[in-house]
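These are my notebook entries on one structure. I set down in turn what I looked up and what I found.

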Amino acid sequence: MSISTNDLKNGMALDLPEGLMTVVEFQHVKPGKGGAFVRTKLKNFRTGAVLERTFRADEKVTKATIDKRQMQYLYRDGANYVFMDTTSYDQLTVGPTELSDAAPYLREGDGAVLAMYGEEVVGVDLPAAVELAVTETEPGVQGDRVQGARKAATLETGLVVQVPLFVEIGDRVKVDTRSGEYLTRAS
């Protein structure tokens, strides 16, 4: 579906020669001389790279329809991840490259929203934070109470985060999915 660059909105998905892009910001510019144009900042869905591009006013671009599907992560099949659509119960096998940064936060049975462009997964929306169990960490040393001291902890998904010294094996911790940082110990 073609739309005019005059109708661009933030968050809109576009299928351009550079790839599948989302509009981060745009600005209509009407210089004193010459024709009007639209200056945009676009983010690549697949790579996350941001680029700036200028379009003529009223230039036609292809709008992409991104379908967000509520899915449940079932299990790993070799290097791939198997999800189930919670509406149709269809199963979908997704490669690790499509999941990119989301893979270390997924546990079997967890829900996730997969952004689909046709039959291709182009993104994963996770909650802002997830709770994961600590499977491996050094014991905290009695009396070692240095303010802000941290140690490495391996979580149930294989993710390694820096946690305070009081966190032990078996504890559940809340981790920020955007930064990968420890937030708090979960009860």
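Entry 1, the pocket. I first fixed the term: a pocket is an open set of grid points with protein on both sides within 12 Å along at least five of seven lines, and a lining residue has an atom within 4 Å of a point. I also note that I am working with a predicted model. I then asked which residues lie nearest the centre of the largest pocket. They are F45, S100, V122, G123 and V124, out of 28 residues that line the largest pocket. I recorded a space of about 760 Å³ for this pocket.

I next looked up where the lining comes from. Strand 4 (37–44), helix 1 (96–99) and strand 11 (120–125) are the elements that give two or more residues to it. Strand 11 supplies the largest share of the lining, six residues. By residue class, I found twelve nonpolar, eight polar and eight charged residues in the lining of the largest pocket.

Entry 2, the sheet of six strands. I traced an open sheet whose strands follow the order 1-6-2-3-4-5, with antiparallel pairing. Why do strand 1 and strand 5 each have one side without a neighbour in the sheet? Strand 1 (2–4) and strand 5 (50–56) stand at the edges and have a single partner strand each, so one side of each remains without a neighbour. On average, neighbouring strands of this sheet are turned by 50 degrees against each other, direction ignored. Within the sheet I looked up strand 2 (residues 13–16) and strand 6 (residues 60–63), which run antiparallel and are joined by two bridges. Here L14 stands opposite K63 of strand 6.

Entry 3, the aromatic rings. I counted two aromatic pairs. In one of them, Y73 and Y81 have ring centres 5.7 Å apart and planes at 50 degrees, a tilted pair. In the other, Y73 and F83 are 5.5 Å apart between centres, and the pair is tilted because the planes stand at 50 degrees, a value that is neither under 30 nor over 60. Y73 belongs to strand 7 (residues 67–77) and F83 to strand 8 (residues 80–85), so this pair ties together parts that are ten residues apart in sequence. Ring pairs thus link Y73, Y81 and F83 into a cluster.

I then asked whether these residues are buried or exposed. The cut-off for buried is under 20% relative accessible area. Y73 has 4% relative accessibility and therefore counts as buried. Y81 has 6% and is buried too. F83 has 0% and also counts as buried.

Entry 4, a hairpin. I followed strand 8 onward to strand 9, with which it pairs in the antiparallel sense over four bridges. The two strands form a hairpin with five residues between them, and Y89 in the turn has a positive phi of about 65 degrees. M84 stands opposite Q91 in strand 9. In strand 9 (residues 91–94), L92 and V94 make up the covered face, whereas Q91 and T93 make up the uncovered one.

Entry 5, the sheet of five strands. I found an open sheet in the order 14-13-12-15-16, paired in the antiparallel sense. Strand 14 (160–164) and strand 16 (182–186) stand at its edges with a single partner strand each, so one side of each is left without a neighbour in the sheet. The twist from one strand to the next averages 50 degrees. Strand 12 (residues 129–137) pairs with strand 13 (residues 150–155) over three bridges, and V134 stands opposite L155 in strand 13.

Technical notes. Residues are numbered from 1 along each chain as its sequence is written. This is a predicted model: local features need pLDDT of at least 70, side-chain atom pairs count only at pLDDT 80 or more; totals for chains, interfaces and linings use all residues. Side-chain values use heavy atoms; hydrogens and water are left out. Two strands pair if DSSP finds at least two bridges between them. Axes are lines fitted to C-alpha atoms, for helices over the stretch in contact, and angles run from 0 to 180 degrees between N-to-C directions. On a 1 Å grid over the protein atoms alone, a cavity is a set of points where a 1.4 Å probe fits but cannot get out, and a pocket is an open set with protein on both sides within 12 Å along at least five of seven lines; lining residues have an atom within 4 Å of a point. Grid points are joined across faces, edges and corners, and a volume is the space filled by probe spheres set on the points. Ala, Val, Leu, Ile, Met, Phe, Trp, Tyr, Cys and Pro count as nonpolar, Asp, Glu, Lys and Arg as charged, and the others, Gly among them, as polar. Rings of Phe, Tyr and Trp (its six-membered ring) pair if their centres lie within 6.5 Å; planes under 30 degrees apart count as stacked, over 60 as edge-to-face and the rest as tilted. Buried means under 20% relative accessible area, exposed over 50%, partly exposed in between (1.4 Å probe, protein chains only).
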